[in-house]
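The following exercises are to be worked with the sequence and the predicted model at hand. Each task is followed by a solution in steps.

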Amino acid sequence: MTDYQLHEHDVLVIGAGGAGLRAAIEASAMGVKVACVCKSLLGKAHTVMAEGGMAAALANVDDRDNWMVHFTDTMRGGQYLNNWRMAELHAKEAPARVRELEQWGAVFDRTKQGRILQRNFGGHRYPRLAHVGDRTGLEMIRTLQDHGIHRGIDFFMECTTIELLTDGGRVAGAVGYDRERGQFHAWLARAVVIATGGVGKAFKITSNSWEYTGDGQSLAYRVGADLMDMEFVQFHPTGMVWPPSVRGILVTEGVRGEGGRLLNNAGKRFMFDDIPDLYKNQVAKDVEEGWRYVIGDKNANRPPELLTRDHVARCINREVKEGRGSPHGGVFLDIAWIKGRQDANGKAIDSHYIERKLPSMYHQFKQLADIDITAVAMEVGPTTHYIMGGIKVDGDSQMSTTPGLFAAGEAAAGLHGANRLGGNSLSDLIVFGKRAGEYAAKFARDKGAVTLDQNQVQSAIRKALAPLERGASGENPYQVMYDLQATMQDLVGIVRVESEMARAIEEIAKLRKRAAGVGSGGDRTYNPGWHTCVDLENLLTVAESIARCAIERKESRGAQFREDYPAKDAEWGKYNLVTRRNADGSMKVEKAALTPMRDDLKKLVEEYK
Amino acid sequence: MNSIQLRIWRGDDSSGQYHDYKTEVDDGMVVLDAVHKVQAEQAPDLAVRWNCKAGKCGSCSAEVNGMPRLMCMTRLNTLPTDAPITIEPIRAFPRVRDLVTDVSWNFRKKLTIKPFTPRKPDFPDGEFKMQQEDIERVQEHRKCIECFLCQNVCHVLRDHHKHDEFIGPRLLVYSAALELHPADTADRLKSLKDEHGAGYCNITKCCTVVCPEHIKITDNAIIPLKERIVDEYYDPLKVVLRVLGVRR
Ligand SMILES: Cc1cc2nc3c(=O)[nH]c(=O)nc-3n(C[C@H](O)[C@H](O)[C@H](O)COP(=O)(O)OP(=O)(O)OC[C@H]3O[C@@H](n4cnc5c(N)ncnc54)[C@H](O)[C@@H]3O)c2cc1C
Ligand code: SF4
Ligand code: SF4
Ligand code: FES
């Protein structure tokens with residue numbers, strides 16, 4: 001028996017990014033007792049890194065915008081695999097959620113009328129992203145953090161949950177350890193909200209931090225909840241490619257939103273060459289029309305750089321593969337060319353303008369790459385950024401297929417379908433974070449108490465302690481993680497083929513065996529080696545799910561591009577793929593038919609084609 | 001690839017010492033990369049905090065060759081290579097392990113500051129009417145990534161350990177952002193003066209120098225707060241009005 005501390009709450013929220021904080025705030029407002037657990041310090045979750053903005057049809061900048069346009073943009077972006085109910089709720093509720101942040105102290109950039117300013121982003125028909133320079137995520141997380149700490153929520157910082165507890169068919173809390181001291185904890189709760197974010201650490205080149213090891217998805221999977229759409233991993237078209245140590249770090253889409261153009265090594269603006277059918281009527285004819293769009297001309301169409309991310313990433317990939325790339329294996333992203341052009345107010349643009357619009361990009365390149373983006377082009381290439389898939393949830397309540405287990409934010413699936421539009425994640429967090437918190441609190445109030453199963457707690461602890469018992473003589477966990485990342489990057493990346501992915505599955509099986517033998521020296525106090533050992537199982541689970549679903553879906557759609565099935569297949573457009581755990585512990589992937597769309601929404605989709 | 005020497009402080013609150021590590025580094029690497037390399041290859045249990053690797057989260061604060069820095073934003077090629085690079089935890093807070101310190105005090109202290117208290121919204125949909133020029137200063141202060149480097153260098157905390165009486169530059173910036181918010185209605189001046197120790201700051205500006213977000217902590221946050229306090233509590237007319245119970 002290992003000692004642990006027991007905490008009892010009505011609702012346990014795992015994760016303190018935008019989704020987790022918003023869920024905790026809402027649950028607490030419903031009058032129940034709430035705990036919120038996170039792996040890092042408060043305010044450091046991934047949400048802090050978001051740059052460009054949050055999408056909401058406020059119609060402050062273009063009064064033609066409304067929830068219907070936002071809804072249809074989101075569905076088109078997701079290639080119609082989205083949970084349409086979520087896309088509808090998201091489009092309708094995002095404006096109120098954004099304005100609520102303003103009520104809680106967020107300070108967005110302003111329009112001339114003194115209202116919240118909005119900017120252009122890929123796939124959004126009108127300027128729609130509320131933002132603060134290029135540090136919108138910081139504004140969101142700090143606002144929620146500073147509001148949330150006064151709401152009577154019990155925060156547990158730097159604690160990692162390692163297993164969910166169950167009671168009968170129901171979720172009953174979680175087991176974890178605190179990273180600072182290595183003490184074990186059990187949080188007994190009537191409802192649990194998973195808001196743990198994504199899985200980027202399964203790949204070598206990623207914009208994601210160490211936290212993104214797919215914990216929430218794996219924990220849910222292990223108690224029998226369904227995962228959905230796991231094949232859809234978003235490769236953001238513009239990550240840094242040089243210097244090597246910063247490879248993958250994000251270059252915000254805001255650069256293209258402000259007019260940045262993509263060039264190959266011949267200086268050609270190659271994005272004009274390949275416009276997908278779904279967007280034929282929405283792309284500028286030439287450079288001049290594209291620029292007019294950027295500065296707010298309502299009659300102009302967007303430049304092709306602002307097409308959806310999947311498309312832009314593949315075009316960049318093609319340029320590089322066909323030998324037209326930049327010296328370090330990317331392409332050029334040039335914002336300096338807008339100097340001398342006239343901005344929306346007819347003033348000539350200078351370096352200072354660029355620096356003011358994109359301050360953190362300016363500093364990021366200056367400090368990390370010795371490059372002045374107001375003078376020379378950046379080198380960029382695709383980076384693993386986001387997972388559209390995740391825990392399958394009910395659109396209204398965010399409850400998973402396991403009673404009492406809810407999910408929100410990047411950890412949940414549905415809103416984005418086959419591809420997410422930029423800016424739709426931050427708004428996702430607050431819309432569905434709120435809903436998850438509300439419904440989890442209701443569930444906790446309506447259903448009876450849960451009981452603690454000592455055996456479950458002790459077996460989770462035993463499993464976590466095994467690598468420390470093996471000690472330094474076990475295999476180095478970092479090596480196993482690197483090998484997994486290389487496997488996923490090379491075999492299940494942007495361009496996929498069945499044979500390679502089949503090899504990935506074999507590799508993952510081998511890596512699982514190795515993961516069972518990893519060990520770490522040192523003790524339980526703040527020991528990253530040990531933490532990495534514990535995280536491996538989760539990474540392997542999500543990696544396997546991604547690979548299996550990607551093999552199963554024999555078509556190209558949204559973020560999934562299959563070289564062996566390069567076309568979209570209408571038949572596949574009728575299904576999501578669901579990952580589930582078999583009784584013997586093996587993984588099963590199944591087709592699940594989409595719910596037919598409500599007629600009024602169908603009509604909208606037709607109308608806004 | 002060339003090889004460098006790192007001298008990393010390792011230990012906990014009770015004891016510790018410097019350990020030397022030799023490692024190979026690539027073009028363009030930052031200090032955090034080198035630390036991670038040592039962690040992956042030689043010392044898996046080396047404790048260090050990080051998240052974003054891009055200067056956005058404020059997790060990786062440490063003292064590099066005695067200078068308070070974000071490790072992820074400190075390029076190795078900006079440091080002399082003829083001597084080992086010394087990396088130590090920040091000093092104003094208790095040590096947990098290696099480069100990780102217990103910064104929870106900052107989070108507890110923040111709770112004692114009155115949160116944002118808005119006036120009624122100006123538009124029926126809930127938005128405030130605020131012009132860009134009226135919020136520039138607030139936005140400057142809201143850039144703070146809570147790296148606590150300013151807390152680390154402020155002598156009032158670092159040398160005089162006035163953690164009970166003084167909230168430090170970070171939380172003065174936080175207070176200033178609230179006080180300067182055009183839609184905020186709360187009054188924090190009395191608590192700033194009495195519990196939060198604004199008077200302890202003697203404008204040495206060390207905090208401003210180390211701020212990775214280039215927030216002009218002293219000039220744009222602390223001095224305006226101090227001026228407001230003086231106005232409110234030491235202006236003879238105001239004092240009379242306050243005694244009579246008349247508010248501004
Ligand atoms: C560089 C970058 C820029 C981006 N820019 C934008 C943008 O401009 N607009 C936009 O809409 N989206 C953007 N995104 C995407 C968006 O930021 C993320 O999808 C979103 O912030 C995820 O929020 P979340 O609340 O779901 O999770 P996170 O904010 O990642 O929070 C996850 C939380 O879960 C905790 N956690 C994880 N595992 C465990 C565990 N086992 N136990 C306990 N706690 C755990 C973590 O500690 C953390 O607190 C960007 C992403 C990146 C990486
Ligand atoms: S200016 Fe004030 S707050 Fe800043 S370091 Fe000096 S004494 Fe501390
Ligand atoms: S004010 Fe600057 S130095 Fe201080 S915590 Fe904030 S970002 Fe760091
Ligand atoms: S890791 Fe985020 S600031 Fe250094």
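**Exercise 1.** Identify the side chain with which the side chain of Arg435(A) makes a polar contact, and describe the surroundings of Arg435(A).

*Solution.* Step 1: Locate the residue. Arg435(A) lies in helix 11 of chain A, which covers residues 424–446. Step 2: Assess its burial. The relative accessibility of Arg435(A) is 11%; the limit for a buried residue is under 20%, so Arg435(A) counts as buried. Step 3: Find the partner. The side chain of Arg435(A) forms a polar contact with that of Glu93(A), at 2.6 Å. Step 4: List the contacts, setting aside neighbours within four places in sequence. Arg435(A) is then in contact with Leu89(A), Glu93(A), Asp396(A), Ser397(A) and Gln398(A).

**Exercise 2.** Determine which side chain makes a polar contact with the side chain of Glu180(A), and which residues Glu180(A) touches.

*Solution.* Step 1: Glu180(A) is situated in the loop that runs between strand 8 (170–178) and strand 9 (184–194) of chain A. Step 2: With a relative accessible area of 14%, Glu180(A) is buried. Step 3: The polar contact joins the side chain of Glu180(A) to the side chain of Arg49(B), at 3.0 Å. Step 4: Residues up to four places away in sequence are not counted; on that basis Glu180(A) touches Glu158(A), Thr525(A) and Tyr526(A), as well as Arg49(B), Val96(B) and Thr101(B), among its contacts.

**Exercise 3.** Examine the backbone at Tyr526(A), Lys205(B) and the peptide bond between Trp242(A) and Pro243(A).

*Solution.* Step 1: Recall the usual case. Most residues other than glycine have a negative phi, and most peptide bonds are trans. Step 2: Consider Tyr526(A). Its phi is positive, about 25 degrees, although the residue is not a glycine. Tyr526(A) belongs to the loop between helix 14 (498–515) and helix 15 (528–552) of chain A, and it is buried, with a relative accessible area of 2%. Step 3: Consider Lys205(B). This residue, also not a glycine, has a positive phi near 70 degrees. Lys205(B) is placed in the loop between helix 7 (189–194) and helix 8 (206–210) of chain B, and its relative accessible area of 34% makes it partly exposed. Step 4: Inspect the peptide bond. Trwo residues are involved: Trp242(A) and Pro243(A) are joined by a cis peptide bond with omega of about -5 degrees. Pro243(A) is in the loop between strand 11 (233–240) and helix 6 (254–257) of chain A.

**Exercise 4.** Describe how helix 3 of chain B packs against helix 6 of chain B.

*Solution.* Step 1: Establish the geometry. The axes of helix 3 (residues 132–142) and helix 6 (residues 168–180) of chain B come within 9 Å and cross at roughly 155 degrees. Angles over 145 degrees count as roughly antiparallel, so helix 3 of chain B is roughly antiparallel to helix 6 of chain B. The crossing is left-handed. Step 2: Name the contact residues. Helix 3 of chain B contributes Arg137(B), Val138(B), His141(B) and Arg142(B), while helix 6 of chain B contributes Val173(B), Ala176(B), Ala177(B) and Leu180(B). Step 3: Classify them. The contact comprises 5 nonpolar, 1 polar and 2 charged residues. Step 4: Turn to burial. In helix 3 of chain B the buried residues are Ile135(B), Val138(B), Gln139(B), Glu140(B), His141(B) and Arg142(B). Their cover includes helix 4 (136–148) of chain A, together with helix 6 and helix 9 (217–234) of chain B.

Methods:
Residues numbered from 1 in each chain as written. Chains lettered and ligands numbered in written order. Predicted model: local features only at pLDDT ≥ 70, side-chain atom pairs only at ≥ 80, totals over all residues. Heavy atoms only, no water. Axes fitted to C-alpha atoms, helices over the stretch in contact; angles between N-to-C directions. Helix = DSSP H or I, 4+ residues; strand = E, 2+ residues; numbered from the N terminus. Parallel < 35°, antiparallel > 145°, perpendicular 65-115°, else oblique. Left-handed = near helix turned anticlockwise from the far one by under 90°. Contact = heavy atoms within 4.5 Å. Nonpolar A, V, L, I, M, F, W, Y, C, P; charged D, E, K, R; others polar. Buried < 20%, exposed > 50% of the residue type's maximum accessible area, 1.4 Å probe, protein only. Polar contact = N/O pair within 3.5 Å; in protein donor to acceptor, adjacent residues only side chain to side chain.
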